[in-house]
Amino acid sequence: MRAGWTGRRQGVWLVALLAAVLGVALVAASCTRSAAPPQPKETRLTRVDLYGDPENLDPILKDKITALVLNSAIFEQLLNYDVVEKKLTAELATKWSASPDGLTYTFELRQGAKFHNGREIKADDVKYSFERLLNPDNMSPLSSTLASIKGAKEFTEKKATEVAGIKVTGPYSLTIELAEPDPTFLLRLTNICCSVVPKEEVQRLGADFGMKPVGSGPYKFDSWVKDSKVVLKANKEHWAGPPKTEVIETVIVKEAATRDAMFAAGQIDYMLIGDPQYLKYKNDPKWANNLVEVPELYTRHIAFNCQKPPFDNKLVRQAINYAIDRKALVDTLLQGKAYPATGLFPPTLMGYDPELKGYSYDPEKAKALLKEAGYAKGFEFEIVCTSHPAWGLPVVEAIQPYLEAVGIKVKPVLAEWGVMIDRGNSGDFQAYMYSVCGAVHPYDWVLLFHSKSFGGAGNRMRYSNPEVDRLVDQMKVTTDESEMVRLAREAEKIIVDDAPWWFFNYNKAVIVHQPWVKGLIPNPVDMDYQPLDKLSIEGKP
Amino acid sequence: MLLPLVVGITLVTFVLMNVIPGDPTISLMDPKRGQLDPQAAERIRQRWGLNDPAYLQYLKFLFNAVRGDLGFSFRFNQPVTRIILERFPATLELGLAALVIATAVGVPGGIAAAVRQGGWLDASLMGFCVAGVSMPVFWLGLLLMYLFAVKLGVLPAGGYGSPSFLVLPSLTLGLSSMAMLSRMTRSAMLEVLRQDYIRTARSKGLAERVVVYKHALRNALVPMVTVMGVQAGWLLTGAVITENVFGWPGVGRLLVDCIGQRDLPVVQGCVLFTVGMFALVNLVVDVLYAYIDPRIRLGR
């Protein structure tokens, strides 16, 4: 006799009951979240966050790109920096000027700009927001952004109840006095941590301000499913008029293969692509014309410890720069997803010198330099590196044969990023491999080579050249842009010649987008950092 | 019994998290964007007691945990309990769905295979089970995604939202549990079907389905429930790989992220949560034992 599947027997019932209980529990669990009905009329753009949850959207707490992109749409600063045109633009301030000595800055605020709660923004809010960033009780990891303001030091040490250098001179005007000249001060104000926030909302929400942020930007915060999705909605009362897209949805997907599938299925409108994905999209005629590429403001390099032999000798450092074919490495190892370095400055940095050609691939010259330096028989050294595919172990392994050919043996030492930086800061290394620095002002770049920046301030190479120091000091008090560029180029030329780094490449950041997405910009600061209010959807089927 | 377990597990976690190199304040900055201002880092270390000797940090954690306070994550600037609870519904949903799939398919499949031992159904079912257990979740997930989302376009590839988002991850996650459960059911049933009382039941002329479902299944349930309990424990505490592949916002992914970011309070919280879930599942399994087999008594 065959066994039937529907017998009304106890065992079956037990299993069925168990399944039913689980089923009911499942339905109950699904009901814990509200299923928002789709609203087809809204224009909706879906972007993807590659790195994980933004964690917190309080602008003074986070400097991670995941939070920055969202906060740049929710909040506004006094000024904005146009990364493509390389100039400052008005945001909450409409006029600004610096005193001739570069110590006092005057700002006129935009009248009629409002927070998302409807209240107008006044100069007091700016003062409040800047003091909030500097207040040590708020534990901002970014408080040093405004450290150059006069009185900021006393305020953070709790010796003063307010920052003396920030003076509200009228409802829509204020002046900021600096303790010492800082050519990057106006650029610092464009940082997200210098956003203007409404005091009443910060006080009302407390620690929850970072969970339900209220700003004044073109988008209002709408909802956030942790680790999954953040939804922003257009601020229709924004002073610049409503943004082009009504809803911006950010989905958090860390797995590249999943992003590829979601993009192919049309679930994502645009996304940053990584090194392994690049050729797949580049070689696919369907997507080849939907790529946006840019050299990012990062120079991948090997830093040499200029105080320890053999790298205390400039000739040895130059020899290594001649010994390796950086273009071949970019073409093969990085599959063309980088630009070979011609010097310190990437082409997208203000002050980039197109005349500077950098080091060619010339192993014979490298050998001659080594001989001249007294290392005709070569030597052995260690490179501390992370496992990063474009500036870590794979690169070190790829340069080994090049250096071997001129008599130098390389020993890679794999370390975590934090450990590598610790060793760099303390000088406990011969060489390490890294990528810096992301700044849009050349002053921040050359400052890394000033002898006063030894260690944690960025000059881990312990490189020192009085001429570079002099040029950097001069840049610090320069307010004229063309003079700034001239000084920067001069400093770069010396640094490249002294070769405290092996200059490798500038990262090529790439975005792939659906044909209907318009307004993406080649952002050299971080390609993922798109101006969300300028993006639009046109002709989506 | 639970208390020494909790102390032991959290202590091991604490020691491991302190032994691996890396500074928790590093997680506050994007490695790409430079490093933390040393003064700010020092302020944060002081505020959250990171400069205290390690044993004191652990005792403080334990003292607060006993009072129901799992601590505070300065990375999220939120209490740990809240961070975990926000992600728990997603984990629960995916875990239960996978468990339903595993039970609803695995148990009947195992019974059918046992009853027709050696037949083509048994062979193909067990072949499927071997494939199910040995297939990497990662690969299976991407395969399903490619088929249903990219080629057929009927289901979303990844993300979290309406019930349609649940289908692919729960299938992926449920398959290996299903295979495991099905094999277990089959062997438990085979074991029971060989026993004397089954022969007696058959010889007194009972219908085969009565023999199988009334007499055999009930006795085979104990090992089946044990397996289900273990599977439930795993499924309800977060399936890291499945969550990662489908961008599912569960507790498993949180734990892995937080280990990478040296976010000790959240790691400890997740570990305690896992211990609690396993204890709860074990309790349910014990209660079920008593119900299935009257010879098992609860209590002493």
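## Exercises on two domains and two chains

In this predicted model, domain 1 of chain A and domain 2 of chain A together bury about 870 Å², and 66% of that area is on carbon and sulfur atoms.

**Exercise 1.** State where the two domains of chain A lie in the sequence and how far apart their C-alpha centres are.

*Solution.* Begin with the bounds, which place domain 1 of chain A at 76–199 and domain 2 of chain A at 297–507. Then turn to the C-alpha centres of these two domains, which are 35 Å apart. Finally, consider the residues in contact, where nine residues of domain 1 of chain A meet 14 residues of domain 2 of chain A.

**Exercise 2.** Find which side chains form the salt bridge between domain 1 and domain 2 of chain A, and describe the residues on the domain 1 side.

*Solution.* The rule finds one salt bridge across this interface. A salt bridge joins the side chains of A:Glu180 and A:Lys476, with 2.6 Å from N to O, and this distance is within the 4 Å that the rule allows. As for the side of domain 1 of chain A that touches domain 2 of chain A, its residues divide into four nonpolar, two polar and three charged.

**Exercise 3.** Identify the residues that touch the most other members of the largest nonpolar core, and explain where this core lies with respect to the two domains of chain A.

*Solution.* The largest nonpolar core has 84 residues, and those touching the most other members are A:Phe381, A:Met433 and A:Trp502. Because domain 1 (76–199) and domain 2 (297–507) of chain A both give residues to this core, it lies between them. Looking at one of these residues in detail, and leaving out residues up to four places away in sequence, we find that A:Trp502 touches several residues, among them A:Phe304, A:Ile320, A:Leu329, A:Val395 and A:Met433. A second, separate core of 67 residues includes B:Leu173, B:Val251, B:Val281 and B:Ile292.

**Exercise 4.** Describe the interface of chain A and chain B by its residues, its buried area and its polar pairs.

*Solution.* First, count the residues in the contact, which are 70 from chain A and 75 from chain B. Next, take the area that the two chains bury between them, about 6300 Å², with 59% of it on carbon and sulfur atoms. Then examine the charged pairs, for which the rule finds eight salt bridges across this interface. The side chains of B:Arg82 and A:Asp208 also meet in a salt bridge, at 2.8 Å from N to O. Lastly, the rule finds 14 residue pairs in polar contact between chain A and chain B, with both residues at pLDDT 80 or more.

Note on methods
Residues numbered from 1 in each chain as written. Chains lettered and ligands numbered in written order. Heavy atoms only, no water. Domains from an automatic or database assignment. Contact = heavy atoms within 4.5 Å. Buried area = accessible area lost by both parts, 1.4 Å probe. Nonpolar A, V, L, I, M, F, W, Y, C, P; charged D, E, K, R; others polar. Core = buried A, V, L, I, M, F, W, Y, C linked by side-chain atoms within 4.5 Å. Buried < 20%, exposed > 50% of the residue type's maximum accessible area, 1.4 Å probe, protein only. Polar contact = N/O pair within 3.5 Å; in protein donor to acceptor, adjacent residues only side chain to side chain.
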